[in-house]
Amino acid sequence: MSTLSEAQLRKIELLKLSGIQDIFKPEVQIVSKDKYLEELRTENEHCKRCKLAATRKSFVWGQGNTDARVVFIGEGPGEQEDEQGVPFVGKAGQLLTKMLEAIELSREEVYITNIVKCRPPQNRNPEEDEIQACLPFLLTQLSIIQPSIICALGKVAANVLLQNDNSLGSMRQKFYNFRDSKLMVTYHPSALLRNSQWKRPAWEDLKMLKRELQKNVR
Ligand code: SF4
């Protein structure tokens, strides 16, 4: 069972000092990644830090391997995810599962989450105040999991993580440094469902991810 390292605990302490201590346990103890993430989930499942709390059915925390080498991040839960409390379970989620299988990864090997943990009404993009309220959860998840690679799915997630307003096309096909991980950008699976001409470039992105994983064995 994977436990949090001293370095991870120091990073989490720094996040606490940034004024978001209300999402943390008062005393951080050395526990397993699984246990710590699960405790954070249950402690925050009634979160009311932003207005999305008023319309959500479920707090959609994340799913997968808490020791994953790759974390996939979308923008927010959709209708099916809100119903089931699990990220990427609708049609877009099924396509994501197939995309993973194409590069010989299973959902059990990776971790999947979103920028905001509650569904924006009518699947609109999350607004800036909602993103800022929710981002500490994601940063904490990443500090605990410590993936080698973070894959931002879609323009919204990529713009938030890279703090820019660039087009999706201009952000693809390269790796960025993001904290202790490498960050890459590809299409959101729901965009691929709408526009099949993006499937080929998305496949190029997946192959780049696979090559990096093969180089970067841990
Ligand atoms: S979106 Fe995030 S910050 Fe807003 S209520 Fe849900 S969990 Fe809390």
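In this predicted model, six strands come together as an open sheet, and their order across it reads 1-3-2-4-6-5. The pairing within this sheet is mixed. At its margins sit strand 1 (63-64) and strand 5 (176-178), the edge strands, each of which pairs on one side only.

Further in, strand 4 and strand 6 make a good place to pause. Strand 4 covers residues 149-153 and strand 6 covers residues 181-186; the two run parallel and are joined by five bridges. For a handy point of reference when viewing this part of the sheet, Ile-150 stands opposite Leu-183 in strand 6.

Helix 6, made up of residues 155-162, lies across several of these strands: strand 2 (70-74), strand 4, strand 5 and strand 6. Relative to strand 4, helix 6 runs at about 130 degrees.

Zooming out to the whole protein, the secondary structure amounts to nine helices and six strands. Of the 218 residues in the protein, 40% are buried. Turning to contacts, among those with a separation of 6 or more, 75% are between residues 24 or more positions apart.

The ligand, finally, has 13 residues around it. Cys-47, Arg-49, Cys-50, Cys-118 and Cys-134 are the closest of these. Sorted by class, the shell holds nine nonpolar residues and four charged ones, while polar residues are absent from it.

Conventions
Residues are numbered from 1 along each chain as its sequence is written. This is a predicted model: local features need pLDDT of at least 70, side-chain atom pairs count only at pLDDT 80 or more; totals for chains, interfaces and linings use all residues. A residue is near a molecule or strand if its C-beta atom, placed from the backbone, lies within 6 Å of it. Ala, Val, Leu, Ile, Met, Phe, Trp, Tyr, Cys and Pro count as nonpolar, Asp, Glu, Lys and Arg as charged, and the others, Gly among them, as polar. Helices (H or I, at least four residues) and strands (E, at least two) are DSSP runs, numbered from the N terminus. A residue is buried if 20 or more other C-beta atoms lie within 10 Å of its own, exposed if 12 or fewer, and partly exposed in between; C-beta atoms are placed from the backbone. Two residues are in contact if their C-beta atoms, placed from the backbone, lie within 7 Å. Two strands pair if DSSP finds at least two bridges between them. Axes are lines fitted to C-alpha atoms, for helices over the stretch in contact, and angles run from 0 to 180 degrees between N-to-C directions.
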